[in-house]
Amino acid sequence: MKGTEASNDESAGDSAKSTQIIPKRLWSALVQHSEIPNDTIWGNASKSMIRSLSNNLSAFPLCVTSKGIFKEEFVTAGGVALNEVQMSSMQSKITPGLFMCGEVLDVDGVTGGFNFMGCWSTGYLAGGK
């Protein structure tokens with residue numbers, strides 16, 4: 001996919017400019033949490049830096065402290081096509097062992113709790129009941 005990989009001479013802090021997958025603010029948080037200086041050139045990044053970033057990409061710890069103010073929440077559109085997912089388990093048909101749920105999927109619902117229910121239901125299935 002065009003524009004999804006950083007070049008070796010690009011700095012860690014600037015890499016989000018060339019990616020269409022990870023929003024810039026999330027990328028900056030991941031790089032900072034991985035303790036990689038923003039001016040680090042990818043070609044000079046140590047294996048431990050790359051390993052730390054890889055670990056954070058796959059298991060970034062998040063602590064939910066509260067819910068937002070009413071009407072502040074929003075729903076995304078688009079995502080993984082449903083024909084690429086085994087609906088009984090929410091496992092990817094393309095990448096075995098990868099399970100998806102909620103707004104990662106290409107599902108849109110009417111406001112009023114339908115999106116929440118879709119997230120909870122698919123999460124239940126993906127989690128193995």
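Is Glu 35 buried or exposed? With a relative accessibility of 68%, Glu 35 counts as exposed, where exposed stands for over 50% relative accessible area, buried for under 20%, and partly exposed for what lies in between, all with a 1.4 Å probe and protein chains only. Before going further, keep in mind that this is a predicted model, in which local features need pLDDT of at least 70 and side-chain atom pairs count only at pLDDT 80 or more, while totals for chains, interfaces and linings use all residues. Residues are numbered from 1 along each chain as its sequence is written, and side-chain values use heavy atoms, with hydrogens and water left out.

**The whole chain**

Begin with the whole protein in a cartoon view, where you can find three helices and two strands, which follow one another from the N terminus in the order α-α-β-β-α. Helices (H or I, at least four residues) and strands (E, at least two) are DSSP runs, and they are numbered from the N terminus. If you switch to a surface view, the accessible surface comes to about 9,500 Å², and 58% of it belongs to carbon and sulfur atoms; such areas come from the Shrake-Rupley method with a 1.4 Å probe, and for residues only the protein chains shown count as cover. Of the 129 residues in the protein, 22% are buried. A contact means heavy atoms within 4.5 Å, and among contacts between residues at least 6 apart in sequence, 48% join residues at least 24 apart.

**Helix 1 and the loop after it**

Next, select helix 1, residues 24-33, and colour Trp 27, Leu 30 and Val 31, which are buried. Looking down the axis of helix 1, you will see that these buried residues fall within an arc of 95°, so they line one face of the helix; the arc is that of the directions from the helix axis to the C-beta atoms. An α-helix has 3.6 residues a turn, so residues three or four places apart point the same way. The buried residues of helix 1 pack against helix 2 (47-59), whereas Arg 25 and Gln 32, on the other side of helix 1, are exposed.

Now move on to Glu 35, which is found in the loop between helix 1 and helix 2. Its phi is near 60°, a positive value in a residue other than glycine. Most residues other than glycine have a negative phi. In this loop you can also select Ile 36, which counts as buried because its relative accessibility is 4%. To see where the chain returns to Ile 36, draw a distance to Leu 53: the two are 17 residues apart along the chain, and their C-alpha atoms are separated by 8.2 Å.

**Met 90 and Phe 99**

Which residue should you select in the loop between strand 1 (85-86) and strand 2? Choose Met 90, which is found there and has a positive phi of about 65° although it is not a glycine. At 0% relative accessibility, Met 90 counts as buried.

From Met 90, go to Phe 99, whose place is in the loop between strand 2 and helix 3 and which counts as partly exposed at 41% relative accessibility. Leaving aside its neighbours within four places in sequence, Phe 99 is in contact with Ser 89, Met 90, Gln 91 and Ala 126. The C-alpha atoms of Phe 99 and Ser 89, ten residues apart along the chain, are separated by 7.6 Å.

**Asp 108 and Val 107**

Stay in the loop between strand 2 and helix 3 and select Asp 108, which is exposed with a relative accessible area of 52%. A distance drawn between the C-alpha atoms of Asp 108 and Gly 78, 30 residues apart along the chain, reads 7.9 Å.

Val 107 lies in the loop between strand 2 (91-92) and helix 3 (114-126), and at 40% relative accessibility Val 107 counts as partly exposed.

**The rings of helix 3**

Finish with the aromatic pairs, of which the structure holds two. In one of them, the rings of Phe 116 and Trp 120 have their centres 5.7 Å apart and their planes at 15°, so the pair is stacked. Rings of Phe, Tyr and Trp (its six-membered ring) pair if their centres lie within 6.5 Å, and planes under 30 degrees apart count as stacked, over 60 as edge-to-face and the rest as tilted. Phe 116 and Trp 120 are four residues apart in helix 3 and so are separated by about one helical turn, and Trp 120 counts as exposed, at 57% relative accessibility.
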